[in-house]
Amino acid sequence: AECAVVGVQDEKWVEAVTAVVALKPVEIIDGDTLAAFVGERVASYKRPRRVVFVDAIPKTAVGKVNRKAVRDQLQMSD
């Protein structure tokens, strides 16, 4: 349904590209398949090192992706 890509703190890379994905209710896909799909279409440094599935992606009051909230959500889940 939607996704957001953010940099998340990483010991090796300082920041690692992380994709946060909210699937449509009937969709099924795993993180490795999704990362491979993206990897065929973008430069290797842009390929997500991690894919996280969520029910919904946080938004601001005007409907934009709230990247700070996404990063905070990821750090709390680690």
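The following paragraphs go through the sheet, the helices, the nonpolar cores and the salt bridges of this predicted model.

The sheet is a convenient place to start. It is open and consists of three strands in the order β1-β2-β3, with mixed pairing. β1 and β3 are the edge strands, and each of them pairs on one side only. β3 covers residues 50–53, while β1 spans 2–10 and β2 spans 14–22. On average, and with direction ignored, neighbouring strands of the sheet are turned by 30° against each other. Strands of a sheet pair through backbone hydrogen bonds, and the pairing may be parallel or antiparallel. Both senses occur here: β1 and β2 pair in the antiparallel sense, whereas β2 and β3 run parallel.

The antiparallel pair comes next. Nine bridges connect β1 and β2, and the two strands form a hairpin with three residues between them. Within this pair, Ala 4 has Val 20 of β2 as its bridge partner. On the parallel side, four bridges join β2 to β3. There, Val 20 stands opposite Val 52 in β3. To get from β2 to β3 the chain passes through helix α1, residues 31–39, and the resulting β-α-β crossover is right-handed.

Thr 18 gives a second view of the parallel pair. This residue lies in strand β2, and its bridge partner in β3 is Arg 50. Helix α2 packs on the sheet and touches β1, β2 and β3; the direction of α2 makes about 60° with that of β1. Is Thr 18 buried or exposed? Its relative accessible area is 1%, and because buried means under 20%, Thr 18 counts as buried. With neighbours within four places in sequence left aside, the contacts of Thr 18 are Ala 4, Val 5, Val 6, Val 8, Arg 50, Val 52 and Leu 74.

Several of these residues reappear in the nonpolar interior. Which residues make up the largest nonpolar core? There are ten: Ala 4, Val 6, Val 8, Val 20, Ala 22, Val 52, Val 54, Ile 57, Val 70 and Leu 74. At least two of the core residues come from each of β1, β2 and α2, the last of these being the helix at 67–77. The largest contribution is that of β1, which gives three residues. Val 6 is a core member whose contacts can be listed in full: Ala 16, Val 17, Thr 18, Arg 67, Val 70, Arg 71 and Leu 74, again not counting residues up to four places away in sequence. A second core, separate from this one, has five residues, among them Ala 19, Leu 34, Ala 35 and Val 51.

The charged side chains remain. Side chains of opposite charge can pair when their charged atoms come close. How many salt bridges does the structure hold? There are three. One of them is formed by the side chains of Lys 59 and Glu 2, at 2.7 Å from N to O. This pair links distant parts of the chain, 57 residues apart: Lys 59 sits in the loop between β3 and α2, and Glu 2 in strand β1. Lys 59 has 37% relative accessibility and so counts as partly exposed; Glu 2, at 31%, is partly exposed as well.

Another salt bridge joins Lys 68 and Asp 72, whose closest N and O atoms are 3.1 Å apart. Because these two residues are four places apart in helix α2, about one helical turn separates them. Lys 68 is exposed, with a relative accessible area of 55%, whereas Asp 72 has 32% relative accessibility and counts as partly exposed.

The remaining salt bridge is between Glu 40 and Arg 41, with 3.2 Å between the closest N and O atoms. Glu 40 has 64% relative accessibility, and the relative accessible area of Arg 41 is 53%. Exposed means over 50%, so both residues of this pair count as exposed.

Conventions: Residues are numbered from 1 along each chain as its sequence is written. This is a predicted model: local features need pLDDT of at least 70, side-chain atom pairs count only at pLDDT 80 or more; totals for chains, interfaces and linings use all residues. Side-chain values use heavy atoms; hydrogens and water are left out. A nonpolar core is a set of buried Ala, Val, Leu, Ile, Met, Phe, Trp, Tyr and Cys residues joined through side-chain atoms within 4.5 Å. Buried means under 20% relative accessible area, exposed over 50%, partly exposed in between (1.4 Å probe, protein chains only). Contact means heavy atoms within 4.5 Å. Two strands pair if DSSP finds at least two bridges between them. Axes are lines fitted to C-alpha atoms, for helices over the stretch in contact, and angles run from 0 to 180 degrees between N-to-C directions. A crossover is right-handed if, with the strands pointing away from the viewer, the path from the first strand over the helix to the second runs clockwise. A salt bridge is a side-chain nitrogen of Lys or Arg within 4 Å of a carboxyl oxygen of Asp or Glu.
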